Amino acid sequence: MAVDLLLGLQWGDEGKGKIVDVLTKDYNIIARFQGGPNAGHTLEFDGIKHVLHTIPSGIFHKDALNIVGNGVVIDPVIFKKELDQLEKFNLDIKNILYISRKAHLILPTHRLLDAASEASKGKAKIGSTLKGIGPTYMDKTGRNGIRVGDLEMKNWKDKYRALANKHVAMIDFYAAEIEYDLEELETEFFAALKVLKSLPFIDSEEFIYQAQKDGKTILAEGAQGSLLDIDFGTYPFVTSSNTTAAGACTGLGVAPNQIGEVYGIFKAYTTRVGSGPFPTELFDEDGETMGRVGNEFGATTGRSRRCGWLDLVALKYAVQVNGVTQLMMMKGDVLSGFKKLKICTAYNYQGNTITHLPYNIEEHNVSPIYTEVNGWQEDLTKMTDASQLPKGLNDYIDFLEKELEVPIKIVSVGPDRTQTIHR
Ligand code: GDP
Ligand code: IMO
Ligand code: MG
């Protein structure tokens with residue numbers, strides 16, 4: 001069986017967690033392929049709201065197996081907290097959650113380095129979640145990282161000590177005012193490692209290969225969004241992994257010709273947390289309404305998300321880079337009540353009209369060109385069938401499908417599992 005992918009097409013927080021949870025009933029295995037605890041994936045069902053950071057969003061389905069892939073970076077301390085939060089659900093965790101031996105570990109000093117690096121950047125800071133993501137991927141590509149599989153090897157503590165010592169010297173180099181008690185952080189870290197070690201470690205590429213051969217259905221879950229991709233995002237205001245479809249191949253060890261459906265998920269408008277360019281950002285009442293109605297606060301950091309109109313230029317680019325085969329539109333309910341909606345269909349780039357995403361989309365280069373369409377007034381949140389969707393929304397969907405040349409198969413009308421309309 002082919003491996004299907006689900007990934008965010010904007011700057012993250014599109015609603016990936018919700019949709020992975022909805023789709024899990026059709027899959028045997030859910031596998032996270034990149035990112036780490038910078039992600040916050042929200043699931044809502046039976047009146048419960050749950051946020052996952054490292055653990056795949058299929059975890060609440062007792063028949064699904066969840067894999068944390070080699071492309072993921074794991075902070076054992078945060079991971080342990082996530083597991084603690086799951087305790088009340090009485091899940092058979094050791095039988096439904098496996099960890100790739102090739103996944104890298106976020107050390108306490110990686111988190112400190114993240115903070116020191118950001119502090120040293122002043123106004124140019126990335127707006128990182130400060131979870132140690134950048135420094136951990138730097139050590140991965142620099143060939144210094146510590147992997148989950150090392151925990152089963154004899155000499156790993158020496159490796160740990162050498163790396164932590166190097167990090168301390170690097171933190172000093174930044175000369176940032178970072179206060180920390182390494183001993184305390186390490187006590188917490190080593191205690192959390194014991195919990196991590198209680199879960200099955202696997203050679204996930206081999207495991208997934210065999211599962212495929214056995215006819216198992218597999219869904220790869222992305223984190224962040226295409227515009228935060230280290231290569232294709234709005235660099236340097238990005239994360240440190242490949243969030244796009246290719247990242248699933250390297251993050252799980254799945255060959256490109258084994259990829260089946262690519263589900264691309266986007267909000268009916270746009271949001272972004274952290275720094276970086278955002279051409280359709282709103283600073284007016286409309287943006288404030290989106291933020292308030294959409295409850296746009298970061299699931300990991302609690303920061304308010306910046307809001308703006310849908311950017312079709314950027315969305316088209318993401319559809320292209322990922323080879324999206326099916327689209328899912330989230331949070332249409334948040335736009336109910338707007339008389340008119342704007343969709344950015346082109347950019348004015350240095351005085352010329354363009355319809356592709358250029359190298360740099362900062363304000364001094366790019367301003368959005370909008371197409372205005374009618375909105376819809378109806379409350380969508382109780383709707384359960386595509387036949388109930390109002391004309392304004394159907395026209396919005398038709399417009400997007402025509403421009404993007406990919407069908408919108410799911411329209412989400414609220415945060416709950418049940419508020420999902422299939423088309
Ligand atoms: P993820 O990182 O892509 O999993 O998304 P987040 O969980 O960070 O953010 C999405 C937020 O929107 C969460 O609070 C979800 O509960 C919520 N959400 C998801 N889909 C919908 C929807 O269709 N309508 C509304 N109103 N909220 C939604
Ligand atoms: P999910 O999976 C939204 C953003 C941060 C920052 C930049 C770099 O929930 O969609 P990092 O911590 O990776 O060094 O931060 O990327 N960012 C996200 N924004 N959703 C996410 O994940 C994000 N993960 C990182 O805000 O701008
Ligand atoms: Mg999120």
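User: Which residues of helix α11 are buried in this predicted model?

Analyst: Happy to start there, and do keep in mind that the model is predicted. Eight of the eleven residues of α11, which spans residues 312-322, are buried, so the helix is largely enclosed by the rest of the structure. A residue counts as buried when its relative accessible area is under 20%. The buried ones are Leu 312, Val 313, Ala 314, Leu 315, Tyr 317, Ala 318, Val 319 and Asn 322.

User: Which residue caps the N-terminal end of α11?

Analyst: Look for a side-chain oxygen that lies 3.1 Å from the backbone nitrogen of Val 313. At the other side of the helix, α11 is followed by Gly 323, with a positive phi near 65 degrees. The residue that caps the N-terminal end is Asp 311.

User: Which residues line the largest cavity?

Analyst: Here is the idea behind the search: rolling a probe the size of a water molecule over the atoms shows where empty space is left. The largest cavity has a volume of about 30 Å³. Its lining divides into five nonpolar residues, two polar and one charged. Those residues are Leu 9, Gln 10, Trp 11, Leu 227, Thr 270, Asp 311, Ala 314 and Leu 315.

User: Which residues coordinate the magnesium ion?

Analyst: The magnesium ion is ligand 3, and its coordinating atoms sit at 2.1 to 2.2 Å. One is an OD atom and the other is an O atom. The residues that supply them are Asp 13 and Gly 40.

User: How many residues apart in sequence are the parts that this pair ties together?

Analyst: Asp 13 lies in the loop between β1 (3-8) and α1 (16-23). Gly 40 lies in the loop between β2 (29-32) and β3 (41-45), and Gly 40 is buried, with a relative accessible area of 11%. The pair therefore ties together parts whose separation, in residues, is 27.

User: What is the phi of Asp 13?

Analyst: Most residues other than glycine have a negative phi. Asp 13, in the loop between β1 and α1, is not a glycine, yet its phi is positive. The value is about 60 degrees.

User: Which residue in strand β10 has a positive phi near 55 degrees?

Analyst: This residue is also something other than glycine. Its relative accessibility is 7%, so it counts as buried. The residue in strand β10 is Gln 224.

User: Which atom of ligand 1 does a polar side-chain atom of Asp 333 lie 2.7 Å from?

Analyst: Ligand 1 is surrounded by 20 residues, and the closest are Gly 15, Lys 16, Thr 42, Asp 333 and Ser 412. A backbone N or O atom of Gly 15 lies 2.8 Å from an oxygen atom of this ligand, and a polar side-chain atom of Asp 13 lies 2.9 Å from an oxygen atom of ligand 1. For Asp 333, the partner in ligand 1 is a nitrogen atom.

User: How far is an oxygen atom of ligand 2 from an N or O atom in the side chain of Arg 303?

Analyst: Of the 21 residues around ligand 2, Asp 13, Lys 16, His 41, Thr 129 and Thr 239 come nearest. An oxygen atom of the ligand is 2.8 Å from a polar backbone atom of Asp 13, and an oxygen atom of ligand 2 is 3.4 Å from a polar backbone atom of Gly 127. For the side chain of Arg 303, the distance is 2.9 Å.

User: What is the volume of the second largest pocket?

Analyst: This pocket is lined by 28 residues, and Thr 42, Gly 294, Arg 305, Lys 331 and Pro 415 lie nearest its centre. By class, the lining has eight nonpolar, ten polar and ten charged residues. α1, β3 and β4 (48-52) each supply at least two of the lining residues. The volume is about 540 Å³.

User: Is Ser 304 buried or exposed?

Analyst: Ser 304 sits in the loop between α10 (285-293) and β13 (306-308). Residues over 50% relative accessibility count as exposed. Ser 304 reaches 52%, so the class is exposed.

User: Which two residues are joined by a cis peptide bond?

Analyst: Most peptide bonds are trans. In this cis bond, omega is about 5 degrees. The proline lies in the loop between β10 (218-225) and α9 (245-252). The two residues are Tyr 235 and Pro 236.

Notes: Residues numbered from 1 in each chain as written. Chains lettered and ligands numbered in written order. Predicted model: local features only at pLDDT ≥ 70, side-chain atom pairs only at ≥ 80, totals over all residues. Heavy atoms only, no water. Donors = N, O, S within 2.8 Å, 3.2 Å for Na, K, Ca; no water. Helix = DSSP H or I, 4+ residues; strand = E, 2+ residues; numbered from the N terminus. Buried < 20%, exposed > 50% of the residue type's maximum accessible area, 1.4 Å probe, protein only. 1 Å grid on protein atoms, 1.4 Å probe; cavity = no way out; pocket = protein on both sides within 12 Å on 5 of 7 lines; lining within 4 Å. Points joined across faces, edges and corners; volume = space filled by probe spheres on them. Nonpolar A, V, L, I, M, F, W, Y, C, P; charged D, E, K, R; others polar. Polar contact = N/O pair within 3.5 Å; in protein donor to acceptor, adjacent residues only side chain to side chain. Near = heavy atom within 4 Å.
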